[in-house]
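Student: I should like to go through this structure with you. Could we begin with one residue and work outwards?

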Amino acid sequence: MVNPGTLLIDVCTTSCYPAEVMQKHLPSSIHLLSTHPLFGPESLETAKWDLTGLNLVIWPLRMPKSVYEVISNELEKTGINVIHKSPEEHDQILAESQFLSLLVGALLEKLDIKSTAMNTRSFDELLDVKATTRNDYHFLLDVFRYNPYCKSKLDEVLKTIGTLGNQLRDYVKQ
């Protein structure tokens with residue numbers, strides 16, 4: 001089916017789940033590289049398709065070190081900022097960053113916030129988050145489903161919102 005030594009590259013947003021599936025179901029003769037381009041079509045268009053400075057997370061799941069080094073060096077020559085993170089490290093960081101931005105964006109969308117005549121800079125930034133993530137709801141669902149660290153992050157967010165809400169209500173009672 002696939003020749004030995006073939007390189008299979010995943011480009012998934014989450015890393016642990018695809019790494020597990022690939023290692024479990026693909027022959028050991030297949031080289032595996034986990035990647036997550038931290039940019040998409042909108043970012044590329046904004047950058048006028050220039051890769052310089054864009055971030056790409058990579059990790060050798062199964063391949064000779066020499067092959068991995070060549071790939072990493074060639075990517076760096078394009079101007080891409082290559083970040084070396086294991087699937088576990090990647091997904092932990094993603095739960096603290098991209099998941100939160102998607103979650104906040106979905107919350108702002110559900111709240112249906114709109115620009116007013118009295119916007120502050122911080123409110124304009126919230127509107128930007130809403131606009132940037134407005135088409136990402138199903139993406140949020142998949143990130144939540146396939147990143148094992150997002151469930152505890154959501155629990156932490158909900159607990160924090162509850163605590164803050166209680167603090168605000170208690171303050172008003174004073």
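Student: Is Lys77 buried or exposed?
Tutor: Lys77 counts as exposed, at 65% relative accessibility. The classes are buried for under 20% relative accessible area, exposed for over 50%, and partly exposed in between, with a 1.4 Å probe and protein chains only. Please note that this is a predicted model, in which local features need pLDDT of at least 70 and side-chain atom pairs count only at pLDDT 80 or more, while totals for chains, interfaces and linings use all residues. Residues are numbered from 1 along each chain as its sequence is written, and side-chain values use heavy atoms, with hydrogens and water left out.

Student: Which residue forms a salt bridge with Lys77?
Tutor: The partner is Glu74, with the closest N and O atoms 3.1 Å apart. A salt bridge here is a side-chain nitrogen of Lys or Arg within 4 Å of a carboxyl oxygen of Asp or Glu. Glu74 is partly exposed, with a relative accessible area of 43%.

Student: Where do the two sit in the chain?
Tutor: Both are in helix α3 (residues 65-77); they are three residues apart, so about one helical turn separates Glu74 and Lys77. Helices (H or I, at least four residues) and strands (E, at least two) are DSSP runs, numbered from the N terminus.

Student: How many salt bridges are there in the whole structure?
Tutor: The search finds six. One of them pairs Asp112 with Lys130, at 3.8 Å between the closest N and O atoms. This pair links distant parts of the chain, 18 residues apart: Asp112 is in the loop between α5 (98-111) and α6 (121-133), and Lys130 is in helix α6. Asp112 is partly exposed at 43% relative accessibility, whereas Lys130 is buried at 13%.

Student: What about Glu156 and Lys153?
Tutor: Their side chains meet in a salt bridge of 2.8 Å, N to O. The two residues lie three apart in helix α8 (residues 150-173), about one turn of the helix. Glu156 is partly exposed at 42%, and Lys153 is buried at 7%. Salt bridges with shared partners also join Glu96, Lys153 and Glu156 into one network.

Student: Turning to the sheet, what is the strand order?
Tutor: The order is β1-β2-β3-β4, in an open sheet of four strands with mixed pairing. Strands pair if DSSP finds at least two bridges between them. β1 (7-10) and β4 (81-84) each have a single partner strand, so one side of each lacks a neighbour in the sheet.

Student: How do β1 and β2 run, parallel or antiparallel?
Tutor: They run parallel, and four bridges join β1 to β2 (residues 31-37). In β2, His31 is the bridge partner of Leu7.
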